[in-house]
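Please walk me through this structure one feature at a time. I would like to learn how each kind of feature is read.

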Amino acid sequence: MSEAQNTVALPPYPEIEKADALYGVSRWGGGFIRILENGHIGLVHPDRPDAVPTDLMHIIDSLNERGITAPVLLRVADFISYRIDQINALFSSAIEEQGYKNRYQGVFPVKVNQQAQVIDRIVAYGRSHDFGLEVGSKAELLIALAQDLGPRAALICNGVKDAEFVRLALMSQRLGFNVFLVLESPREVELVLREADALGVRPQLGIRIKLTHEVSGNWAASSGDRSTFGMSIAQVMDVIDALRARNYLDCLKLQHSHLGSQVPNIIEIRMAAQEACRFFVEISREGAPLEFLDLGGGLGVDYTGEHRAAENSTNYTLSEYCLNIVETVRYAMDEAEMPHPVIITESGRSCVAQSSMLLFNVLEATRYDSPEPVWAHPDDHMILKNMLNIESYLSAERVHECWNDLVFYRNEMRALLKSGQVSLRETAKAERAHLYLMNRIKSLLAGVEGGNDEMELAVQQAADIYHGNFSLFQSLPDVWAIDQLHPIAPLHRLREKPTRRAVISDITCDSDGKIDRFVLGDGVSKTLPVHELEATCDYYLGVFFIGAYQETLGDLHNLFGDTNVVTVELQDDGRFELMHEQEGDTVAEVLTYVEYEPRRLVDGFKAIVERAVHEGAIAPRDRREMIDAFKDSINGYTYFEH
Ligand SMILES: Cc1ncc(COP(=O)(O)O)c(C=O)c1O
């Protein structure tokens with residue numbers, strides 16, 4: 001299997017070419033997402049280029065018919081299996097190309113997406129590749145132990161462990177699981193050996209080393225001396241001595257290191273692999289029979305499609321990643337005259353990011369300009385007349401001057417209002433004039449090359465706000481927490497020129513609940529080109545590549561719960577099969593999370609309604625309707641419903 005082509009042939013329409021250049025879909029789409037002839041966004045199975053793409057608007061319509069409304073988290077199962085196959089295939093070809101004398105064995109870190117649908121798919125598709133799981137907590141270990149992992153698939157136990165965790169892991173070794181208990185700290189040695197002695201099990205141990213190499217990107221803190229996990233060089237030696245003293249050094253089979261997620265630069269990956277190999281050679285020379293070199297996660301996703309060493313991008317492809325690792329390990333081991341180890345990686349993000357997307361409708365738009373002209377009146381205040389006069393000299397050449405004048409006159413009018421020299425009505429007219437002139441300036445700027453930074457910023461600040469039916473905190477927590485960029489695009493109307501620029505705000509009452517950085521074809525922009533909303537038809541946007549980390553990190557801000565989630569499989573004729581539906585949280589469910597009892601809330605409301613009837617505030621016949629409305633809401637979706 002070759003790597004997915006980053007570009008796919010576009011339908012032969014100039015409008016589509018323009019939309020593609022604007023939103024950069026073929027740049028970031030990675031062979032999974034493309035614009036279709038009808039101007040909708042489509043899903044493409046990268047491995048089946050001849051299959052008819054699946055139209056996302058068709059999926060939305062079909063889900064609506066089934067009563068599954070937006071916001072919806074759409075999971076495309078095919079994309080998960082494709083990535084599992086691809087990562088294994090590309091490691092295999094790197095191994096062949098490099099004449100590497102051992103194998104690759106991947107594991108999926110459960111924390112990246114613990115959803116049962118995801119883990120099931122990974123385990124099912126990973127079986128033929130001996131693809132295993134990495135766990136970092138008791139709950140994740142339990143998930144892994146309930147899976148039908150193949151006998152050779154590794155089950156890597158990282159993270160802080162207590163006696164219960166260790167015991168369970170050791171017992172599962174007897175059940176045939178290929179478990180590795182990775183020692184994270186010297187403290188764990190005593191704990192693990194005590195439990196192993198008690199159970200009479202010779203464990204397969206791993207040792208987590210702390211690489212000194214520091215990487216760039218959002219997760220730099222996971223690397224280097226100050227990283228939280230793993231052992232320093234001195235601690236590694238102490239652990240080796242302790243294992244030797246207790247006669248357990250022969251159990252040390254695996255070396256683990258993890259650089260941090262989303263490493264943008266391939267050179268850093270190579271250098272970290274080099275350092276890990278040095279540790280591997282030295283620990284082996286100390287007498288540990290190491291067989292497995294686990295290089296952790298870090299394989300990045302090119303969210304922006306820029307293909308460069310930046311936080312949300314990568315300067316390497318998956319096949320380069322595989323080749324660089326295999327080559328580095330081969331070279332280091334050959335130089336040390338040591339056998340080649342089994343290479344393990346724990347790629348999470350890269351396996352699942354592309355498989356999920358959030359689809360939501362826009363509820364309304366707030367505009368910071370207006371096409372409605374405002375006419376001067378002889379009685380208008382001088383400042384307002386001056387403001388309205390701007391239109392007489394507004395031109396591409398003088399647009400900056402007009403902008404400065406507009407700002408000045410608006411501030412003057414506001415100052416006059418504060419000092420009681422103009423009325424609210426006069427100021428309102430000035431504000432309307434400002435909106436109208438903003439509109440004129442924005443249209444002029446759209447056609448002007450190389451605008452001025454200050455003005456561009458000002459115009460961005462005057463962009464529309466499109467209010468989306470989703471919660472950033474629930475569905476896109478990394479956008480809020482670490483400024484993660486996910487590609488976003490309208491799902492339809494891409495044969496029409498988008499005439500507005502907007503930032504996206506969510507449905508929570510929090511000013512942080514907004515998206516104001518967008519991946520576009522020519523880089524990252526503070527606004528998204530969007531289409532004018534229409535009264536008769538919903539406008540849908542999609543946030544792509546959200547399959548890694550987002551689902552369980554999300555929280556209940558404003559009590560917006562889990563969205564509806566559907567898992568689909570793409571069919572060759574462009575249709576899809578609905579594999580699984582998980583209804584989003586109801587209001588009652590989220591209320592129980594914060595310890596309310598929905599029944600008691602209904603009873604409380606009933607008592608209030610009853611009192612209103614008693615006091616004559618409402619008619620008895622209104623009682624039922626009010627109680628039913630309360631019950632409907634409590635049993636309904638937490639998001640906006642039509
Ligand atoms: C130990 C370990 N392995 C693997 C991963 C997954 O990393 P990624 O999603 O970059 O592949 C992580 C995440 O940070 C991790 O902590």
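The dialogue below takes up the model, its domains, its backbone, one sheet and the ligand.

Q: What kind of model is this, and how are residues numbered?
A: This is a predicted model, in which local features need pLDDT of at least 70, side-chain atom pairs count only at pLDDT 80 or more, and totals for chains, interfaces and linings use all residues. Residues are numbered from 1 along each chain as its sequence is written, and side-chain values use heavy atoms, with hydrogens and water left out.

Q: Into which domains is the chain divided?
A: Domain bounds come from an automatic or database domain assignment. Here domain 1 covers 160-169 + 181-347, domain 2 covers 382-460 and domain 3 covers 588-634. The centres of domain 1 and domain 2, taken over C-alpha atoms, are 60 Å apart.

Q: How do I read unusual backbone geometry?
A: Most residues other than glycine have a negative phi, and most peptide bonds are trans. In this model the peptide bond between Ala70 and Pro71 is cis, with omega about 0°. Pro71 belongs to the loop between α3 (56-65) and β4 (72-76); helices (H or I, at least four residues) and strands (E, at least two) are DSSP runs, numbered from the N terminus.

Q: Which loop holds Asn247, and is Asn247 buried or exposed?
A: Buried means under 20% relative accessible area, exposed over 50%, and partly exposed in between (1.4 Å probe, protein chains only). Asn247 sits in the loop between α9 (233-245) and β10 (252-256) and counts as exposed because its relative accessibility is 57%. Although Asn247 is not a glycine, its phi is positive, about 65°.

Q: What is the case for Leu559?
A: Leu559 is not a glycine either, yet has a positive phi of about 60°. Its place is the loop between α19 (550-553) and β22 (564-570). With a relative accessibility of 30%, Leu559 counts as partly exposed.

Q: How is Ser62 placed?
A: Ser62 is part of helix α3 and counts as buried because its relative accessibility is 11%. Ser62 and Gly513 are 451 residues apart along the chain, and their C-alpha atoms are separated by 29 Å.

Q: How do I read strand pairing around β22?
A: Two strands pair if DSSP finds at least two bridges between them. β4 and β22 run parallel and are joined by five bridges, with Leu74 opposite Val566 of β22. On β23 (residues 576-582), the pairing with β22 is antiparallel over six bridges, and Val566 has Glu581 as its bridge partner there. β22 and β23 form a hairpin with five residues between them, and Gly574 in the turn has a positive phi of about 90°.

Q: Why is β22 described as largely enclosed?
A: Six of the seven residues of β22 are buried, so β22 is largely enclosed by the rest of the structure.

Q: Which residues come nearest to the ligand?
A: A residue is near a molecule if one of its heavy atoms lies within 4 Å of it. There are 16 residues around the ligand, of which Lys111, Ser261, Glu346, Gly348 and Tyr549 come nearest.

Q: What lies close to the ligand's oxygen atoms?
A: A polar contact is a pair of N or O atoms within 3.5 Å. A polar side-chain atom of His258 is 3.1 Å from a ligand oxygen, and a backbone N or O atom of Gly298 is 2.9 Å from a ligand oxygen. For Tyr549, a side-chain N or O atom lies 2.6 Å from an oxygen atom of the ligand.

Note on methods:
Polar contact = N/O pair within 3.5 Å; in protein donor to acceptor, adjacent residues only side chain to side chain.
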